[in-house]
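Please look through the sequence and the model shown below before reading on. The report then follows the chain from its strands to the contacts between its side chains.

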Amino acid sequence: QVQLVESGGGLVQPGGSLRLSCVASGTIFSINAMGWYRQAPGKQRELVATVTNSGSTNYADSVKGRFTISRGNAKNTVYLQMNSLKVEDTAIYYCNAKQSLRSGTYDYWGQGTQVTVSS
């Protein structure tokens, strides 16, 4: 089992910045990738950015050049630096961890943190 706890959400004006953090605990040795997803009201959850243990990253086109995902030195923490925020970035942001075991691959989710971009 993996537990994820996010922090760093809040209210920011358009053009501003926020940094989200997510700390994983439990059987973290088997995590091979972490990432951030978001869900806006009335919309499906969508990928924002992911990073693997080897450092490979993947971003949604809508956030490329504005958001940066990174892992902490202990590999149980993932960050999302969000710059040049837009109103359309408003959503609940969820941390995700992918765990690979002999029995299969499992997804774990945090409780979510609200990001609101508004003037």
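The text below describes a predicted model, beginning with an open sheet and ending with contacts between side chains.

**The open sheet**

Four strands form an open sheet in the order 1-3-8-7, and the pairing in this sheet is antiparallel. Its edge strands are strand 1 (2–7) and strand 7 (67–71), each of which pairs on one side only. On average, and with direction ignored, neighbouring strands of this sheet are turned by 15° against each other.

Within the sheet, strand 3 (residues 18–26) and strand 8 (residues 77–82) run antiparallel and are joined by six bridges. One position to look for is Cys-22, whose bridge partner in strand 8 is Val-78. Val-78 also has a residue opposite it in strand 7, namely Arg-71. Strand 7 and strand 8 pair in the antiparallel sense over five bridges, and these two strands form a hairpin with five residues between them, where Lys-75 in the turn has a positive phi of about 65°.

Which side chains of strand 7 point to one face and are buried, and which point to the other and are not? Phe-67, Ile-69 and Arg-71 belong to the buried group, while Thr-68 and Ser-70 point to the other face and are not buried. This fits a general pattern, since in a regular strand the side chains alternate between the two faces of the sheet.

In strand 8, where Thr-77 is found, this residue counts as buried because its relative accessibility is 12%, which is under the 20% cut-off. The side chain of Thr-77 is joined to that of Asn-76 by a polar contact of 3.3 Å.

**Strand 4 and its partners**

Strand 4 (residues 31–39) is largely enclosed by the rest of the structure, because seven of its nine residues are buried. Strand 4 pairs with strand 9 (residues 91–101) in the antiparallel sense over eight bridges, and in that pairing the bridge partner of Tyr-37 is Tyr-94 in strand 9. Strand 4 is also joined by six bridges to strand 5 (residues 46–52), and these two strands run antiparallel. Here the bridge partner of Arg-38 is Glu-46, which lies in strand 5. The hairpin of strand 4 and strand 5 has six residues between the strands, and in this hairpin Gly-42 takes a positive phi near 80°.

Another residue to find in strand 9 is Lys-98, which is partly exposed with a relative accessible area of 26%. Although Lys-98 and Ile-31 are 67 residues apart along the chain, their C-alpha atoms are separated by 5.6 Å.

**The disulfide**

The structure holds one disulfide, which joins Cys-22 to Cys-95 with an S to S distance of 2.1 Å. The link of Cys-22 and Cys-95 is left-handed, with -85° about the S-S bond. Because Cys-22 lies in strand 3 and Cys-95 in strand 9, the pair ties together parts that are 73 residues apart in sequence. Are these cysteines buried or exposed? Cys-22 counts as buried at 0% relative accessibility, and Cys-95 likewise counts as buried at 0% relative accessibility.

**Aromatic rings and charges**

A search of the whole structure finds one aromatic pair. This pair is formed by Tyr-37 and Trp-109 and is edge-to-face, with 5.0 Å centre to centre and 75° between the planes. The pair links distant parts of the chain, since Tyr-37 is in strand 4 and Trp-109 is in strand 10 (residues 104–109), 72 residues apart. Tyr-37 is buried, with a relative accessible area of 14%, whereas Trp-109 is partly exposed, with a relative accessible area of 36%.

The ring of Trp-109 also has the charged end of Arg-45 sitting over it, and Arg-19 lies over the face of Tyr-79. The table sets out the distances for these contacts of a charge with a ring.

| Charged residue | Ring | Distance to the ring centre |
|---|---|---|
| Arg-19 | Tyr-79 | 4.0 Å |
| Arg-45 | Trp-109 | 4.6 Å |

Tyr-37 and Cys-22 are good places to return to in the model. Tyr-37 has Tyr-94 as its bridge partner and forms the aromatic pair with Trp-109, while Cys-22 has Val-78 as its bridge partner and is joined to Cys-95 by the disulfide.

Technical notes. Residues numbered from 1 in each chain as written. Predicted model: local features only at pLDDT ≥ 70, side-chain atom pairs only at ≥ 80, totals over all residues. Heavy atoms only, no water. Buried < 20%, exposed > 50% of the residue type's maximum accessible area, 1.4 Å probe, protein only. Pairing = 2+ DSSP bridges. Axes fitted to C-alpha atoms, helices over the stretch in contact; angles between N-to-C directions. Disulfide = S-S within 2.5 Å. Phe/Tyr/Trp six-rings, centres within 6.5 Å; stacked < 30°, edge-to-face > 60°. Lys NZ or Arg CZ within 6 Å of the ring centre and 35° of its normal. Polar contact = N/O pair within 3.5 Å; in protein donor to acceptor, adjacent residues only side chain to side chain.
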